[in-house]
Amino acid sequence: MKINKINKVLFLVFFLTAQLISAKNFTAKPIAEDSTQHQSLFKTQPFLQNPIGGAVTISFFTNLPTHGWIEFGTNKELGQKAVTSIGGQTVANVKHHKIRLKNLQPGATYFYRACSREVLNYAAYKKEFGKVEYSETFSFTLPDNESEDFTALIFNDLHKKRRTLHSLMAQVKDVDYDFVIYNGDCIDDPVNEEHALEFITYSNEQVNAAEKPVFYLRGNHEIRGAYSVGLNDIFDYVGGQTFGAFNWGDTRFVLLDCGEDKPDSHPVYGGLNNFEELRNTQVDFLKAERKNKAFTQAEKRVLIHHIPIHGLGKKSYAPCTELWSGILNDSKISLAINGHTHRFAYHKPAKRDNNYPVVIGGGYKDTDATVMILSKTGKTLNLKVLAYDGKVLLDDNF
Ligand SMILES: [Fe+2]
Ligand SMILES: [Fe+2]
């Protein structure tokens with residue numbers, strides 16, 4: 001009985017002491033993310049997007065909130081610095097860093113490194129910083145307005161399958177490419193940033209996006225999933241919209257966005273889509289583009305969009321075909337490149353009411369996946385389509 005009493009007293013003393021310690025810990029300092037648990041501030045390597053208009057966007061993610069900047073220059077001494085600022089305020093204390101280098105020289109090669117300084121305290125009247133880290137120094141070459149030559153890799157419908165991308169990259173390991181285009185359904189149905197970043201980080205490493213710019217085009221699956229709106233933050237679209245146009249040398253690329261593959265009113269979209277308006281906006285865009293000197297004077301005109309206008313099944317929802325095909329058939333398109341059907345196809349002019357060649361890439365399975373190598377040498381535009389096993393499905397000039 002006596003022993004039980006002593007035990008009870010001891011337990012009470014222990015309990016109260018534990019509560020006091022816990023309360024003291026709670027009031028001492030707000031719990032911050034522990035910088036020591038991460039080996040590096042960098043969560044991802046930097047990657048390049050939108051290398052158009054004498055500029056390029058460099059993005060990277062950090063494990064902790066940091067102040068990020070890019071040091072760059074035309075030699076390895078670097079010497080220049082770029083940050084993102086909004087209304088005079090440097091964007092800092094963030095984990096997603098997206099910095100555009102401007103006023104660059106077309107055709108020049110630049111060296112750069114990503115820099116990150118840990119933000120320990122971002123209070124109203126005090127700033128405290130921690131360690132500073134740097135990425136390795138990378139380089140990139142911007143498109144030259146006068147150049148006739150380029151090589152691009154084009155992927156579609158990878159549906160976040162690492163094995164597919166890895167195998168396709170093995171087939172093009174000897175190709176010296178200038179840039180990469182993801183023609184939709186590659187970052188499909190992302191549920192959150194982490195989920196999207198898993199594949200983006202992997203694919204950036206596979207294609208060396210730290211040195212070779214990537215263009216992310218939206219497929220219908222990039223519009224699905226809880227984080228689909230967030231992807232617009234990660235992607236840096238040419239001209240700031242999901243459709244647009246750019247020159248790589250004397251080749252004009254026209255990028256279109258077909259939206260979803262079902263009507264806006266379909267219940268699975270919950271009334272959140274308005275692609276009818278987006279498609280109509282692109283009618284005006286195409287009409288203007290057709291008169292644009294950059295388009296009319298281009299040596300070649302390459303059309304890229306995810307859902308085909310020509311080559312869909314008869315029962316498919318195809319509002320873009322009705323809206324755009326008249327204009328496009330009248331626009332001297334050299335070649336159109338699509339995806340979405342998960343089946344490689346080559347529709348020569350007039351095979352499907354198209355008066356320009358249409359090539360559709362495959363899916364993500366080892367039986368249908370494809371990688372395209374689009375290259376221009378002098379006045380010759382060539383498209384080579386390779387299957388998962390390296391078989392040449394197409395090798396033609398356009
Ligand atoms: Fe797909
Ligand atoms: Fe698709």
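H342 is partly exposed in this predicted model, because its relative accessible area of 23% is not under the 20% that would make it buried. I start with this histidine for its part in a metal site: the iron ion (ligand 1) is coordinated by H342 through NE2, together with D157 (OD), H159 (NE2) and D185 (OD), at 2.0 to 2.3 Å. Along the chain, these donors follow the spacing D-x1-H-x25-D-x156-H. The pair of D185 and H342 links distant parts of the chain, with D185 in the loop between β11 (179-183) and α3 (193-207) and H342 in the loop between β16 and β17 (345-347), 157 residues apart.

As for the geometry, the four donor atoms around the iron ion (ligand 1) subtend angles of 89 to 169 degrees, which makes the arrangement irregular. Please keep in mind that water is not among the atoms, so sites may look incomplete.

Now to the other metal. Which residue bridges the iron ion (ligand 2) and the iron ion (ligand 1)? That is D185, and the two ions it bridges lie 3.5 Å apart. D185 is buried, with a relative accessible area of 1%. Besides D185 (OD), the protein donors of the iron ion (ligand 2) are N220 (OD1), H306 (NE2) and H340 (ND1), lying 2.1 to 2.2 Å from the ion. Here the angles subtended by the four donor atoms run from 91 to 160 degrees, and this arrangement is therefore irregular as well. The spacing of these donors along the chain is D-x34-N-x85-H-x33-H. Since D185 lies in the loop between β11 and α3, and H306 in the loop between β15 and α7, the pair ties together parts that are 121 residues apart in sequence. H306, at 3% relative accessibility, counts as buried.

That brings me to the strands. Strand β15 (residues 300-304) runs parallel to β16, and three bridges join them; V302 has L335 as its bridge partner in β16. With helix α7 (residues 319-329), β15 and β16 make a right-handed β-α-β unit. Three bridges also join β16 to strand β18 (residues 358-360), again in parallel, and the bridge partner of I337 in β18 is V359.

Are the residues on the two faces of β16 buried or exposed? In this strand (residues 335-338), L335 and I337 on one side and A336 and N338 on the other are all buried, so that both faces are covered. H342, where I began, lies in the loop between β16 and β17.

Definitions and conventions. Residues numbered from 1 in each chain as written. Chains lettered and ligands numbered in written order. Predicted model: local features only at pLDDT ≥ 70, side-chain atom pairs only at ≥ 80, totals over all residues. Heavy atoms only, no water. Buried < 20%, exposed > 50% of the residue type's maximum accessible area, 1.4 Å probe, protein only. Helix = DSSP H or I, 4+ residues; strand = E, 2+ residues; numbered from the N terminus. Pairing = 2+ DSSP bridges. Right-handed = clockwise from strand over helix to strand, strands pointing away. Donors = N, O, S within 2.8 Å, 3.2 Å for Na, K, Ca; no water. Tetrahedral: all angles 85-135°; square planar, octahedral: opposite > 155°, others 65-115°.
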